[in-house]
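Reader: I'd like a close look at one part of this protein rather than a full tour. Could you take me through it in plain words?

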Amino acid sequence: MKKFSEGNKMFFNVMAIFVVFTIVVIIFEDYERNYLHPLDEVSDWHLLLFSFVIMLILGALLHSYSRRMDERISREQAERQNEMRRELTQNIAHELKTPVACILAYSETLRNNPSLSEDKRQMFINRTYAQAFRMTALLQDLSTLNRMEYAPTQLAMEPIDVAGVFKTVCDELAITLNEHHITVDNGLPTSLVLTGNERLLYSVFRNLMENAVAYAGDGTTVSLKELSEKGRCHFIFSDNGIGVDNAHLPRLFERFYRIDKSRSRRLGGTGLGLAIVKNAIQFHGGTITASNNQPHGLRFDFTLPQ
């Protein structure tokens, strides 16, 4: 079913109010009557005809205005989308520029220096691989965002063991967690099952964990707990790390937004992790907010329908 535009909604609402008002005025023209005898006099019919003419004129003016308003809204939306596309394209080009340049430089060094020692050769090969891996991660993140935005029907929904998904993420990051002496406090119930897309929910917990590993600091504790609400599950993902300045909180979920650009690139982040988290949760009909944990650290509150 075709949805009404904002201009059409305004037009029909105003016209409905005018019609109701006109009927009320005509029928109850003389509020002192003991009995209602509407439209008994010729003047009543003249008033009705006059109101009808005024309604037609008003309707034509409103229709013209609503059409212009819809056109203006469409232009503004198109301009915003084009600006977002340009910004996204620039960000992607900027993010790919560094790894591509590094890969070319390392490859050229290997190609032009066949007499390099085995240790240096292996070093350049490893650096080339790391940059290629970074590019692959960026392209995978972009692919995930595109699927959520442009092909949501291709993402299967099924019963998901949320606790099992989070455990899988923790197991995969076990070596990294040990290296940074990070403790995970898993407060999820073992029987928590939700309907959703397993790959997207995995991305939610994976990116939150990687964000905590990268920015919370060594020797911190990451915790996840769930509070059941009416028809919803409320998750609290938090750490007791250094937190972020309050000025950054509203922009944490923007694509390619970085608090510390040099540190983010050094750690290999794509700048899309929290954007994927937000889009994945919204895809499931939930919401997410970020705040500074008390007394210190970062906290994410998000909901998912049961």
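Is phenylalanine 300 buried or exposed? Please start there and work outwards through whatever surrounds that part of the chain.

Author: Sure, and one thing up front: this is a predicted model. Phenylalanine 300 is buried, as its relative accessible area is 1%, and the cut-off for that label is under 20%.

Let's begin with the strand it sits in. Strand β7 covers residues 298-305 and runs antiparallel to strand β6, residues 288-292, with five bridges joining the two. Across from phenylalanine 300 in this pairing you'll find alanine 290. As a general point, side chains in a regular strand alternate between the two faces of the sheet.

Now for the turn between these strands. The hairpin of β6 and β7 has five residues between the strands, and one of the residues to look at is glycine 297, with a positive phi near 115 degrees. The loop between β6 and β7 also holds proline 295. The peptide bond from glutamine 294 to proline 295 is cis, with omega at about 5 degrees. For background, most peptide bonds are trans, and most residues other than glycine have a negative phi. Elsewhere, histidine 181 has a positive phi too, of about 55 degrees, although it is not a glycine. You'll find histidine 181 in the loop between α5 (174-179) and β2 (183-187). With a relative accessibility of 56%, histidine 181 counts as exposed, because the cut-off for that is over 50%.

Back to the phenylalanine you asked about. What does its ring pair with? The partner is phenylalanine 253: the ring centres are 6.1 Å apart and the planes sit at 70 degrees, so this pair is edge-to-face. Phenylalanine 253 comes from the loop between β5 (232-239) and α7 (261-266), so to speak a distant part of the chain, 47 residues from phenylalanine 300 in β7. Phenylalanine 253 counts as buried as well, at 13% relative accessibility.

Strand β7 has other points of interest. The residues Phe166, Phe205, Phe235 and Phe302 form one aromatic cluster, and Phe302 falls within the 298-305 range of β7. Searching the whole structure turns up six aromatic pairs. Among them is a tilted one made by tyrosine 106 and phenylalanine 124, at 5.8 Å centre to centre with 50 degrees between the planes. Tyrosine 106 belongs to helix α2 (residues 42-112) and phenylalanine 124 to helix α3 (residues 118-150), so that pair ties together parts 18 residues apart in sequence. Tyrosine 106 is buried at 16% relative accessibility, and phenylalanine 124 is buried at 14%.

There's also some empty space to visit. The structure has two cavities of 30 Å³ or more, and the second largest holds about 30 Å³. Its lining is made up of Leu194, Thr195, Gly196, Leu201, His284, Leu304 and Pro305. Both β3 (193-196) and β7 give two or more residues to that lining, with the largest share, three residues, coming from β3. By class, four of the lining residues are nonpolar, three are polar and none is charged.

One last thing for the bench: there are zero disulfides in the structure. Cysteine 170 is buried at 13% relative accessible area, and cysteine 233 is buried at 1%.

Conventions: Residues are numbered from 1 along each chain as its sequence is written. This is a predicted model: local features need pLDDT of at least 70, side-chain atom pairs count only at pLDDT 80 or more; totals for chains, interfaces and linings use all residues. Side-chain values use heavy atoms; hydrogens and water are left out. Two strands pair if DSSP finds at least two bridges between them. Helices (H or I, at least four residues) and strands (E, at least two) are DSSP runs, numbered from the N terminus. A disulfide is a pair of cysteine sulfur atoms within 2.5 Å. Buried means under 20% relative accessible area, exposed over 50%, partly exposed in between (1.4 Å probe, protein chains only). On a 1 Å grid over the protein atoms alone, a cavity is a set of points where a 1.4 Å probe fits but cannot get out, and a pocket is an open set with protein on both sides within 12 Å along at least five of seven lines; lining residues have an atom within 4 Å of a point. Grid points are joined across faces, edges and corners, and a volume is the space filled by probe spheres set on the points. Ala, Val, Leu, Ile, Met, Phe, Trp, Tyr, Cys and Pro count as nonpolar, Asp, Glu, Lys and Arg as charged, and the others, Gly among them, as polar. Rings of Phe, Tyr and Trp (its six-membered ring) pair if their centres lie within 6.5 Å; planes under 30 degrees apart count as stacked, over 60 as edge-to-face and the rest as tilted.
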